[in-house]
Amino acid sequence: MPLKMYKSIGMGRSFLLSLSAGILFGFIFAYVLFSVTEVQLRNFRLIPRFESQSSYVDRHSHFDPESSDINIVALKNSDEMQHQDEDLIASRLKEKIRVLCWVMTAPQNHRKKAVHVKATWGKRCNTLLFMSSAEDEELPTVALPVGEGRNNLWGKTKEAFKYIHRNYNGTYDWVLKADDDTFVIVENLRLMLSNVDPAKPIYFGCRFKPFVKQGYMSGGAGYVLSKEAVRRYVEEALIDENCRQDSKGAEDIEIGKCLEIVGVEAGDSRDSLGRGRFFPFHPSHHLIPGHTDKSFWYWHYIYYPSEEGLNCCSDTAVSFHYISPTDMYVFDYFLYHLRPYGITHNSGEPNEKAIVRNVEKEAINGHNSQSEESSLLSVLKGNSPRNQNKTASSVTKSFK
């Protein structure tokens, strides 16, 4: 065979090998690049989507963790020696400030989420109710005559408050609404409410400013209504033609409108340093600077100025949203079981003077405002805030 033919064949094989290697490398590189950018490509739009009130629900879709089924975690016994007498103040406040908690849930979340609320923070409420559209005797649930899905949240909210007013009126001072992925520090809620008369028409939460003149409270962060606010809402607002009569709409906006119609005040839930207590996202979203871009809707919605980092959140924060079942147990452990050695939370003396001394110490450390301190001392000495004749304006301070 001629020499030129051998060279031609050899060059052809080299070319084919190089071409094959190049194609393989290009395929692998493209696959890796696509995998890394897949999330960004999903959200890519050539034309920006303009938002209106009707698209409000979408703005809450900020990493809503879909939880897989996990078993209920058996938490440590609160009767362990190192935890004895820690909850004396909390127990006294539970007797004096009665909080009924109702949790918005759905049949597909009874085992995924609701049971974990019941196993963690829910047990610290005076009364705990799960509002659903299906009966579940084990949880148990209240089966409301409503459909499921985002388009029925307003309808479910109305039916839930009507049910509570009809069946539990007289057993609560405050009614807290929360989602099945909200985590609530109920003790801090009672602290905040200790200087507020529940006979006043007022409600608290994470206050947003659009759509309602006085603002409204984020549904995901949870909101709490005084007993008078509940009465006005059920007996007066729901029959007012200016209060939305169908089941559709964003429940937090719609209840904000209805409460404003009947003179229920949107209260200021911040602490004495102007730090928030109710939060619509996971703590990491608020604590870590730069977690969300300043163009994100949240920064345009919040009623009061809010910082990132540790100054974002009160030491007596009440709630966080988008909390997975796993994190609920993690939070519960950190809050109620973990104890850093050498850090004293209270004196451990089970007597009245020690309790009062602890309240005064908390005030000195800046955890309580002066009004909260005096109210706590009053409550602990036997005076219920139900009997206090305070105006709502004395509670809602301005930090502008």
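**Briefing: a buried strand, a helix pair and two single residues**

Strand 4 and strand 9 (residues 223-226) are antiparallel partners, joined over four bridges. Keep in mind that this is a predicted model. Strand 4 covers residues 174-179, and six of its six residues are buried, so the rest of the structure largely encloses it. Below are some notes on that strand, then on Thr 157, a pair of helices and Gly 290.

**Strand 4 and its neighbours**

- Here's how the strand is covered: Trp 174, Leu 176 and Ala 178 are buried on one side, and Val 175, Lys 177 and Asp 179 are buried on the other.
- That list includes Lys 177 and Asp 179, which count as charged and are buried along with the rest of strand 4.
- Strand 4 also pairs with strand 1 (residues 99-104), this time running parallel, through six bridges.
- For a landmark on the strand 1 pairing, look at Leu 100, whose bridge partner in strand 4 is Val 175.
- On the strand 9 pairing, Lys 177 has Tyr 223 as its bridge partner.

**Thr 157**

- You'll find Thr 157 in helix 6, which spans residues 153-168.
- Thr 157 has a relative accessible area of 0%, so it counts as buried, the cut-off being under 20%.
- Leaving aside residues up to four places away in sequence, Thr 157 touches Trp 102, Met 104, Tyr 223, Tyr 233, Glu 251 and Ile 255.
- One of those contacts, Tyr 223, is also the bridge partner of Lys 177.

**Helix 5 against helix 12**

- Helix 5 (residues 110-119) packs against helix 12 (residues 325-336) at an angle of about 10 degrees, and their axes are 9 Å apart.
- Angles under 35 degrees count as roughly parallel, so helix 5 is roughly parallel to helix 12.
- From helix 5, the residues in the contact are Lys 112, Lys 113, His 116, Val 117 and Ala 119; from helix 12, they are Pro 325, Met 328 and Tyr 329.
- Sorted by type, the residues in this contact come out as five nonpolar, one polar and two charged.

**Gly 290**

- Gly 290 sits in a loop, between helix 10 (283-287) and helix 11 (297-301).
- With a relative accessible area of 58%, Gly 290 is exposed, because the cut-off for that is over 50%.
- Gly 290 and Glu 308 are 18 residues apart along the chain, and 7.8 Å separates their C-alpha atoms.

Notes: Residues numbered from 1 in each chain as written. Predicted model: local features only at pLDDT ≥ 70, side-chain atom pairs only at ≥ 80, totals over all residues. Heavy atoms only, no water. Buried < 20%, exposed > 50% of the residue type's maximum accessible area, 1.4 Å probe, protein only. Contact = heavy atoms within 4.5 Å. Pairing = 2+ DSSP bridges. Axes fitted to C-alpha atoms, helices over the stretch in contact; angles between N-to-C directions. Parallel < 35°, antiparallel > 145°, perpendicular 65-115°, else oblique.
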